[in-house]
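Colleague: Please take a close look at one part of this model for me. I would like the helix packing and the rings beside it, in one connected account.

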Amino acid sequence: GSAEYGRLMIGDPLAKGKGYAKEATRFLLEYGFMQMGLKEIHLEVKEENEPAIAVYKVAGFFEIARKNGLVWMSISSKDNFTAIQND
């Protein structure tokens with residue numbers, strides 16, 4: 001019932017800041033929780049990647065730990081998923 005959200009990269013500089021990461025995260029969470037029936041999705045992100053951390057927090061992920069320059073985050077189908085559905 002759990003999965004890891006892999007790396008999300010917006011490579012084209014002209015595409016950055018247009019909400020694509022937020023939209024991709026929303027789609028992934030909807031698919032994972034609604035279609036696959038997952039109970040939890042977790043990820044790790046570099047500590048200095050503040051834009052990505054902000055996107056994940058808006059989506060409802062919460063920080064679990066920080067170590068060796070990485071931030072571990074998680075979201076469960078019960079806890080926070082409604083925040084991104086209603087956005």
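Modeller: Four residues of helix 1, namely Ala21, Lys22, Thr25 and Leu29, meet Val55, Tyr56, Val58 and Ala59 of helix 2. By class, this contact has 6 nonpolar residues, 1 polar and 1 charged. Keep in mind that the model is predicted.

Now the geometry. Helix 1 spans residues 20-35 and helix 2 spans residues 50-59. Their axes lie 10 Å apart, at an angle of about 45°. That angle makes helix 1 oblique to helix 2, because it falls in neither the parallel, the antiparallel nor the perpendicular range. The crossing of helix 1 past helix 2 is right-handed.

Tyr56 leads on to the rings. The structure holds 4 aromatic pairs. One of them joins Tyr5 and Tyr56, edge-to-face, with 5.7 Å centre to centre and 65° between the planes. Tyr5 sits in the loop between strand 1 (2-4) and helix 1, while Tyr56 belongs to helix 2, so the pair ties together parts 51 residues apart in sequence. Tyr5 has a relative accessible area of 6% and is therefore buried, the cut-off being under 20%. Tyr56 also counts as buried, at 6% relative accessibility.

Tyr56 has another partner, Phe61. That pair is edge-to-face, at 5.7 Å centre to centre and 65° between the planes. Phe61 is buried, as is Tyr56. Ring pairs thus link Tyr5, Tyr56 and Phe61 into a cluster. Tyr56 takes part in the contact with helix 1 as well.

Conventions. Residues numbered from 1 in each chain as written. Predicted model: local features only at pLDDT ≥ 70, side-chain atom pairs only at ≥ 80, totals over all residues. Heavy atoms only, no water. Axes fitted to C-alpha atoms, helices over the stretch in contact; angles between N-to-C directions. Helix = DSSP H or I, 4+ residues; strand = E, 2+ residues; numbered from the N terminus. Parallel < 35°, antiparallel > 145°, perpendicular 65-115°, else oblique. Left-handed = near helix turned anticlockwise from the far one by under 90°. Contact = heavy atoms within 4.5 Å. Nonpolar A, V, L, I, M, F, W, Y, C, P; charged D, E, K, R; others polar. Phe/Tyr/Trp six-rings, centres within 6.5 Å; stacked < 30°, edge-to-face > 60°. Buried < 20%, exposed > 50% of the residue type's maximum accessible area, 1.4 Å probe, protein only.
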